[in-house]
Amino acid sequence: MALSPADVLAGLKEIVEEVAGIPAATIELDKSFTDDLDVDSLSMVEVVVAAEERFGVKIPDDQVSELATVGDAVNFIVKASA
Amino acid sequence: MSRRRVVVTGLGATTPLGGDVASSWSALLAGRSGVRTLTDEWASTIPVTIAGRVEVEPSEAMERVEMRRLDRSEQFALIAAREAWKDAGSPDVDLERLGVVIASGIGGVTTLLDQYDILKNKGARFVSPHTVPMLMPNGPAANVGLELKAKAGVHTPVSACASGAEAIGYAMEMIRFDRADIIVTGGVEAAVHALPMAAFAAMKALSTRKDDPKRASRPYDVDRDGFVLGEGGGILVLEEYEHAKARGATIYAEIAGQGLTSDGYHIAAPDPDGSGVQRAIAFALRDAGLTTRDIVHLNAHATSTPVGDVAEANALRLALGADADHVAVSATKSSTGHLLGGAGAIESVFIVKALQERLAPPTINIENIDPAVTIDVVRDKPRALPAGDIAALNDSFGFGGHNVVLAFRTL
C-alpha cells in the first residue's frame with residue numbers, strides 16, 4: 001500500500017533534522033535540499049539511506065540528483081512505495 | 001636578516017583533568033588524577049579497564065549536528081583550538097599567513113572501527129559518507145584549518161607518541177621560514193576503544209592496576225607496570241614575535257628551538273643507551289641558543305613503563321650533566337595518562353603555564369622512587385621555579401624510534 005504524502009513529509013522532516021540539524025518547521029515541500037536547506041552532498045547520501053530504511057523503498061543513485069526539492073523526494077518515495 | 005622568533009600567544013586544551021587549560025592546570029597542580037574505570041559496554045571484554053577519558057564530554061561544548069560528522073579526535077581539536085584562538089585574542093590575520101599543524105598518533109580509529117561494525121552488521125550501503133573525512137589522521141588539522149579559513153598550509157606530522165611535539169616544531173619552522181605569521185598547532189588523540197587498548201595490552205605496554213585507577217600511572221615508581229591510555233589534546237597559537245608585539249598580544253613564552261633524532265634501534269623499545277634522546281636535547285639547546293645551565297624545568301615523556309622511564313632518565317642525566325641537579329623534572333602523565341599523539345602538545349601547554357607561573361607541576365603516585373632514577377623529580381606538590389630568564393624542555397618519544405625535544409623560554 002502506498003504511503004501517504006503527509007506521512008512521508010513528516011518522516012523526511014525528522015531525517016533532515018537529525019542529519020543536517022535543520023529545524024523540522026522550516027522544511028517544506030518547495031524547499032531545495034541544497035539551495036534552501038544547505039544539505040551538502042555527503043549529508044544528502046545520509047538522508048537517502050535513512051529514507052530508504054525508514055520507508056522500505058529503493059532510491060537508486062542515478063535518481064538522487066533528480067530529487068532537488070523536498071516535494072520531489074516525497075513524490076518519489078510515495079510512488080516507489082506503491 | 002636575523003632569524004624570525006616565534007612566541008606562544010594562545011593556549012587551549014581538553015584533557016582527563018578538565019575541559020580547558022585553566023581547569024586542567026589547576027587540577028594538575030592539585031595533584032589530581034584523570035584516570036578512571038571505564039563504563040563502556042566493551043570494557044569487560046579487554047584485560048585493561050582503566051583510562052583517562054576527557055573530563056568534559058565534547059557534547060557539552062559542541063552542537064549535536066556538528067559532532068555527528070566529526071571523529072572524536074576532531075571534536076577535541078576544534079574544542080581546544082577554539083579556546084586557544086580566543087585566548088590569543090582572535091587575531092585579525094592575513095589568511096594566507098595563517099596555518100594549522102595538528103597531529104594525531106592514530107587518527108580516527110574509533111570511526112574506522114565503528115564503521116567496520118556497520119559494514120559487517122548492516123552492509124556497505126549504511127557506511128557513513130562522512131567516514132573518510134572522519135578517519136583520516138589529518139582530519140583534526142583539516143577541520144581547524146577549515147574553521148579558521150587558514151591558507152598558509154595545513155599539516156599533520158605523524159610519529160606515534162611524538163606526533164604532538166613534532167607538530168609544534170613543524171609549526172615553529174613554518175613561521176621561522178616565513179611561510180606564515182600565525183600557526184594553530186598541537187596534537188589530539190581519541191583512541192579509548194577496545195581494539196587499540198587490546199593491542200597496547202598485547203604489547204604489555206598498559207598498566208594492569210585496574211583496581212586502583214587513580215594510582216595506576218606512576219612514572220619513576222619502582223612498582224610502575226605500564227602506561228594508562230588518555231585522550232584529549234592541547235593546542236597552542238604560535239606567532240611571529242614582531243607580529244605579536246605589533247597587535248599588542250599577550251606573549252606567554254618563546255618557543256626557542258627543537259631537536260629531532262631517530263634511534264635506528266627497535267620498532268617499539270627505546271634504545272637503552274639513550275643516545276638518540278641525548279642528541280635531540282643537544283640539538284634543541286643549540287637551535288635555541290641555550291645551554292644546560294639555562295634549563296630549570298623539564299616535562300619528561302615518562303609514561304610509567306618499566307623500561308622507558310629509566311632509559312629516558314639516564315639519557316637526561318647524561319645530556320644535562322651536573323646541570324640536571326637544578327632541573328625540576330615533571331612527569332605529568334601521572335595525572336593525565338598518556339595522550340599518545342596529544343601528549344607532546346598538552347605537555348607543551350603545561351610547560352608554557354609552568355614558565356608563566358614559575359611553577360613546576362607535580363608528579364603523583366611515586367611511593368618509592370626507582371633507585372635507578374638519578375634526576376630531580378618534582379613529587380606530589382608543585383615546585384617554584386627561579387626568577388629571571390628561565391628555560392624548559394619537553395621530551396617526546398614515539399614507537400618507531402622518534403625523539404623530539406622542544407625548548408621554551410621566558411621572554
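This tour proceeds through chain B, then its contact with chain A, and ends at one residue of chain A. The model shown is predicted.

**The two domains of chain B**

Begin by colouring residues 7-246 of chain B as domain 1 and residues 256-409 of chain B as domain 2. The C-alpha centres of domain 1 and domain 2 of chain B are separated by 20 Å. Next, select the contact between these two domains of chain B, to which domain 1 gives 61 residues and domain 2 gives 56 residues. On the domain 1 side, strand 1, helix 1 (21-29), strand 4, helix 7 (163-176), strand 6 and strand 7 (232-240) of chain B each supply two or more residues. Highlight helix 7 of chain B, since the largest share of that side, eight residues, belongs to this helix. Colouring the domain 1 side by residue class gives 32 nonpolar, 20 polar and nine charged residues.

**The sheet of chain B**

Now display the strands of chain B. An open sheet of 10 strands, with mixed pairing, follows the order 5-4-6-7-1-8-14-13-9-10. Its edges are strand 5 (154-155) and strand 10 (328-330) of chain B, each of which pairs on one side only.

Within this sheet, select strand 1 (residues 6-14) and strand 8 (residues 253-262) of chain B; these two strands are antiparallel and are joined over three bridges. To locate one position in the pairing, label Val6(B), which faces Ile255(B) of strand 8 of chain B.

Then select helix 6 (residues 139-148) of chain B, which lies across strand 4 (98-104), strand 5 and strand 6 (182-189) of chain B. Relative to strand 4 of chain B, helix 6 of chain B runs at about 155°.

**Where chain A meets chain B**

Move to the contact between the chains, formed by six residues of chain A and seven residues of chain B. On the chain A side, select helix 2 (residues 41-55) of chain A, the source of the largest share, four residues. By class, the chain A side consists of four nonpolar residues, one polar residue and one charged residue.

**A last stop in chain A**

Finally, select Ala82(A), located in the segment after helix 4 (70-80) of chain A. Is Ala82(A) buried or exposed? Ala82(A) counts as exposed because it has 8 C-beta neighbours inside 10 Å, and the cut-off for an exposed residue is 12 or fewer. To close, draw a C-alpha to C-alpha distance from Ala82(A) to Val70(A): the two residues are 12 residues apart in sequence and 19 Å apart in space.

How values were computed
Residues are numbered from 1 along each chain as its sequence is written. Chains are lettered from A and ligands numbered from 1 in the order in which they are written. This is a predicted model: local features need pLDDT of at least 70, side-chain atom pairs count only at pLDDT 80 or more; totals for chains, interfaces and linings use all residues. Ala, Val, Leu, Ile, Met, Phe, Trp, Tyr, Cys and Pro count as nonpolar, Asp, Glu, Lys and Arg as charged, and the others, Gly among them, as polar. Two strands pair if DSSP finds at least two bridges between them. Axes are lines fitted to C-alpha atoms, for helices over the stretch in contact, and angles run from 0 to 180 degrees between N-to-C directions. A residue is buried if 20 or more other C-beta atoms lie within 10 Å of its own, exposed if 12 or fewer, and partly exposed in between; C-beta atoms are placed from the backbone. Domain bounds come from an automatic or database domain assignment.
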